[in-house]
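These are notes for a colleague opening this entry for the first time. They go through the sheets, the helix packing and a few single residues.

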Amino acid sequence: MSSLDVKMSSLRPLMIQPVYFGKWDAERRIDETINDMSSVLGDLVSFLKPAIIPDTKSATNLEAYISPQADALLAVNLPVWAEALAYLNLPIIIWARQGYYGPWTRDRVSFLRSKGATVYDFVDPDEAKEIVRALRTVARLRHSKIIYFGAMPGSTGRFEAVGVVGSSWNLDEIKKKFGVTVKQIPISYLLKRMDDVSDEEAMKILEEWKKDFVDLKEEDLKKLLEVAKIYKAMESIMSEHGANAVTINCLADLFQTRFITPCIALAKFSDAMIPAGCEGDLNTLLTMMLFSFMSDEPSVMGNIYLFRPERGPGFPPEDVILEDTKVSLRENRARFTHDVIPLKIATSKYRLADYHGTGKGLTAYADLRTGEKVTFGRIDPRLDRIVFTVADIEKVEDSVHCRFSAWIKMPNVRAYLQNISSHHSAMIYGDWTSTLIRVSEMLGLQPIVIGK
């Protein structure tokens with residue numbers, strides 16, 4: 001992934017600019033505060049050149065001192081005439097010793113809040129780290145760009161190429177809400193770029209991929225050549241547009257044009273902290289981005305089913321699905337299943353397989369971690385709320401139709417399904433409830449937390 005620089009998007013720390021109002025001892029006070037914050041927050045943050053505002057006259061032109069790179073401001077000294085800080089539309093951090101409660105700062109915090117500012121001070125270092133992580137998540141979203149490969153609902157007369165419809169298709173609204181830009185690229189252009197990739201270029205990629213597979217044979221490499229080419233084409237296009245997230249309308253557009261399975265390519269992007277979604281589902285991808293940017297781990301998407309898998313094309317008979325559903329609801333168990341597995345969250349290497357037992361295409365199976373807490377969720381199409389829950393992964397298996405199935409125990413399967421806006425959910429390892437509530441509030445999303 002060397003040609004894709006995601007350091008200033010998916011991997012960026014929270015960029016903080018210290019602001020000091022006054023003349024005396026400014027540099028020493030700023031340095032002490034920065035060192036103290038760094039000792040608590042580590043690589044969650046990075047500091048920009050401080051702004052020193054010496055007097056009230058300078059404060060009237062405060063905006064000229066603020067870096068365009070700043071995600072948040074650190075108010076090191078707060079006289080009453082620092083009121084202008086409240087009108088910059090940037091979050092403000094007030095830091096007391098080691099991130100603990102500072103009783104003499106709360107009045108200044110309230111003063112800035114009364115002027116409309118968003119201000120954070122902290123009771124203890126854990127709260128400081130959580131809020132700063134949430135602020136960093138929002139900043140990463142604001143610096144993100146999605147490439148959407150394929151037809152998008154509302155943008156084409158080819159109704160057979162619509163695919164997933166339960167997302168937000170107002171790209172201006174997505175930009176306004178999250179700061180995320182979405183660029184659509186036709187499948188025809190992607191395939192043209194893929195056809196321009198030479199066998200030699202593709203083989204170089206496969207040489208890097210070899211170590212991630214077990215029992216890879218020479219004939220397997222030939223099959224993988226096409227996947228490497230589509231990966232290279234996607235990577236090049238994303239690099240040209242400065243994108244750090246991707247989704248592709250595979251089922252309803254790509255497969256109807258040329259049957260190429262991008263699952264392994266998408267997994268490779270996810271492992272490089274470039275969230276990669278399937279089926280052109282924008283809202284699930286936005287949720288994956290939020291999850292990954294918050295946790296610093298790849299997120300995955302999949303279907304929530306309440307029935308056992310069928311080992312091959314198709315699904316079990318309707319009467320089996322009905323009986324399984326009754327048991328699943330009674331036991332609060334479900335099956336989370338799809339075809340894209342980032343190796344960073346797996347415990348084995350890949351085993352190459354076909355697509356859904358059809359004898360065509362390529363997917364890869366690896367064992368996801370089990371016996372851990374995971375967070376599931378999805379942002380609603382109206383971009384007004386996010387539904388999420390925490391579950392346990394009990395076991396994972398190769399289920400052929402959808403390559404992996406993770407059997408999960410939820411606190412309340414019924415309530416989750418009643419509130420979620422799609423059969424697609426995003427998943428991230430860990431219980432991120434508290435931080436997700438913080439992020440949701442910062443983004444203006446109502447957090448719907450499904451518990452017992």
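1. Helix α8, residues 218–241, lies across the strands β7, β8 and β9. Its direction makes an angle of about 140° with β7. This is a predicted model, and the points below should be read with that in mind.

2. A second helix, α11 (residues 282–295), lies across β7, β8, β9 and β10. Relative to β7, helix α11 runs at about 145°.

3. The strands under these helices belong to one sheet. The sheet is open and has four strands in the order β8-β7-β9-β10, with parallel pairing. Strands β8 (181–185) and β10 stand at the edges; each has a single partner strand, so one side of each is left without a neighbour in the sheet.

4. Within that sheet, β7 (residues 145–149) and β9 (residues 245–248) run parallel and are joined by four bridges. To find the register, start from isoleucine 146, which stands opposite alanine 245 in β9. On strands in general, side chains of a regular strand alternate between the two faces of the sheet.

5. Isoleucine 248 is a useful residue to inspect in strand β9. Is isoleucine 248 buried or exposed? Isoleucine 248 has a relative accessible area of 0% and is therefore buried, the limit being under 20%. Its C-alpha atom is separated by 8.3 Å from that of isoleucine 147, although the two residues are 101 residues apart along the chain. Leaving aside neighbours within four places in sequence, the contacts of isoleucine 248 include Phe149, Ile187, Leu190, Leu254, Pro262 and Leu266. Gly277, Cys278, Glu279 and Gly280 are also among the contacts of isoleucine 248.

6. Strand β11 (residues 300–305) is mostly covered, with six of its six residues buried. Strand β11 runs antiparallel to β18 (residues 424–429), and four bridges join the two. Asparagine 303 has histidine 424 as its bridge partner in β18. Strand β11 also pairs with β12 (residues 333–338), again in the antiparallel sense, over three bridges. There, isoleucine 304 stands opposite phenylalanine 336 in β12.

7. Next comes helix packing. Two packed helices are described by the angle between their axes and the distance between the axes. Helix α4 (residues 125–142) packs against helix α14 (residues 433–443) at an angle of about 50°, and the axes are 9 Å apart. The two helices are therefore oblique to each other, and α4 passes α14 in a right-handed crossing. On the α4 side, the contact residues include Glu127, Glu130, Ile131, Ala134, Leu135 and Val138. They meet residues of α14, among them Ser434, Thr435, Arg438, Val439, Met442 and Leu443. By type, the residues of the contact of α4 with α14 divide into eight nonpolar, three polar and five charged.

8. Helix α4 packs against α11 as well, at an angle of about 130° and with the axes 8 Å apart. That angle makes α4 oblique to α11, and the crossing of the two is right-handed. Arg133, Arg136, Thr137, Arg140 and Leu141 of α4 make the contact with Met289, Leu290, Phe293, Met294 and Ser295 of α11. The residues of this contact of α4 with α11 divide into five nonpolar, two polar and three charged.

9. Isoleucine 205 lies in helix α7, residues 199–209. With a relative accessible area of 9%, isoleucine 205 is buried. Which residues does isoleucine 205 contact, leaving aside its neighbours within four places in sequence? They are Ala228, Tyr231 and Lys232. From C-alpha to C-alpha, isoleucine 205 and lysine 229 are 8.7 Å apart in space, and they are 24 residues apart in sequence.

10. Two loop residues deserve a check of the backbone. Most residues other than glycine have a negative phi. Glutamine 98 has a phi near 60°, a positive value in a residue other than glycine. Glutamine 98 lies in the loop between β5 (92–93) and α3 (106–114), and at 31% relative accessibility it counts as partly exposed.

11. The other residue is methionine 273, whose phi is also positive, near 60°. Methionine 273 is found in the loop between α10 (263–271) and β10 (276–277). At 7% relative accessibility, methionine 273 counts as buried.

Technical notes:
Residues are numbered from 1 along each chain as its sequence is written. This is a predicted model: local features need pLDDT of at least 70, side-chain atom pairs count only at pLDDT 80 or more; totals for chains, interfaces and linings use all residues. Side-chain values use heavy atoms; hydrogens and water are left out. Buried means under 20% relative accessible area, exposed over 50%, partly exposed in between (1.4 Å probe, protein chains only). Axes are lines fitted to C-alpha atoms, for helices over the stretch in contact, and angles run from 0 to 180 degrees between N-to-C directions. Angles under 35 degrees count as roughly parallel, over 145 as roughly antiparallel, 65 to 115 as roughly perpendicular and the rest as oblique. A crossing is left-handed if the near helix is turned anticlockwise from the far one by less than a right angle, and right-handed if clockwise. Contact means heavy atoms within 4.5 Å. Ala, Val, Leu, Ile, Met, Phe, Trp, Tyr, Cys and Pro count as nonpolar, Asp, Glu, Lys and Arg as charged, and the others, Gly among them, as polar. Two strands pair if DSSP finds at least two bridges between them.
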